[in-house]
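Trainee: I am new to this structure and would like to learn how to read it. Please take me through it one feature at a time.

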Amino acid sequence: MTTTERRPVRRGRSMKVRAAAAEASIKLLEYDKDPVPQWLRDVAAGKPTTVPPEQS
């Protein structure tokens, strides 16, 4: 493929992949006894959500 050829558009990750990644993150946080944010639990449950902006 050269730089002048059109590249296929990549789609976002599926909800299954997002939920699986969220579940793994939750398990790691629980293992380390760290608090788990509610938005992360929502993603693991398959609910569409937006990640809140990080607070400094």
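Mentor: Start with a term: a salt bridge is a side-chain nitrogen of Lys or Arg within 4 Å of a carboxyl oxygen of Asp or Glu. Keep in mind that this is a predicted model. The structure holds 1 salt bridge.

Trainee: Which residue forms a salt bridge with E30?

Mentor: R41 does, and the closest N and O atoms of the pair are 3.5 Å apart. R41 lies in helix 2 (residues 38-44) and E30 in helix 1, so the pair ties together parts that are 11 residues apart in sequence.

Trainee: Are R41 and E30 buried, partly exposed or exposed?

Mentor: R41 counts as partly exposed because its relative accessibility is 35%. E30 is also partly exposed, at 43%.

Trainee: How many helices and strands does the protein chain have?

Mentor: The secondary structure comes to 2 helices and 0 strands. Helix 1 covers residues 15-31, and helix 2 covers residues 38-44.

Trainee: How should I read a nonpolar core?

Mentor: In soluble globular proteins, nonpolar side chains tend to be buried together. Here the largest nonpolar core has 6 residues: A22, I26, V36, L40, V43 and A44. Helix 1 and helix 2 each supply at least two residues of this core. Helix 2 gives the most, with 3 residues.

Trainee: What does V36 touch, not counting residues up to four places away in sequence?

Mentor: V36 touches I26, L29, E30 and R41. I26 belongs to the largest nonpolar core, as does V36 itself, while E30 and R41 are the salt-bridge pair.

Trainee: How much of the protein chain is buried?

Mentor: Of the 56 residues in the protein chain, 14% are buried. The accessible surface comes to about 5500 Å², and carbon and sulfur atoms account for 53% of that surface.

Trainee: Which side chain of opposite charge is nearest to D42?

Mentor: That is K47, 4.0 Å away, yet D42 has no salt bridge. D42 is buried and has its place in helix 2. Leaving out residues up to four places away in sequence, D42 touches K47 and T49.

Trainee: How do I read the sign of phi?

Mentor: Most residues other than glycine have a negative phi. K33 has a positive phi of about 60° although it is not a glycine.

Trainee: Where is K33 found, and is K33 buried or exposed?

Mentor: K33 sits in the loop between helix 1 and helix 2. With a relative accessible area of 74%, K33 is exposed.

Trainee: How do I relate separation along the chain to separation in space?

Mentor: Set the two values side by side for a pair of residues. K16 and G46 are 30 residues apart along the chain, and their C-alpha atoms are separated by 7.6 Å. For S25 and A44, 19 residues apart along the chain, the C-alpha separation is 9.3 Å.

Trainee: Where do K16 and S25 lie, and how exposed is each?

Mentor: K16 lies in helix 1 and counts as exposed, at 73% relative accessibility. S25 lies in helix 1 too, and S25 is partly exposed, with a relative accessible area of 31%. A44, the partner of S25 in that distance, is one of the residues in the largest nonpolar core.

Notes
Residues are numbered from 1 along each chain as its sequence is written. This is a predicted model: local features need pLDDT of at least 70, side-chain atom pairs count only at pLDDT 80 or more; totals for chains, interfaces and linings use all residues. Side-chain values use heavy atoms; hydrogens and water are left out. Helices (H or I, at least four residues) and strands (E, at least two) are DSSP runs, numbered from the N terminus. Buried means under 20% relative accessible area, exposed over 50%, partly exposed in between (1.4 Å probe, protein chains only). A nonpolar core is a set of buried Ala, Val, Leu, Ile, Met, Phe, Trp, Tyr and Cys residues joined through side-chain atoms within 4.5 Å. Contact means heavy atoms within 4.5 Å. Lys and Arg count as positive and Asp and Glu as negative; His and the chain ends are not counted. Accessible areas come from the Shrake-Rupley method with a 1.4 Å probe; for residues, only the protein chains shown count as cover.
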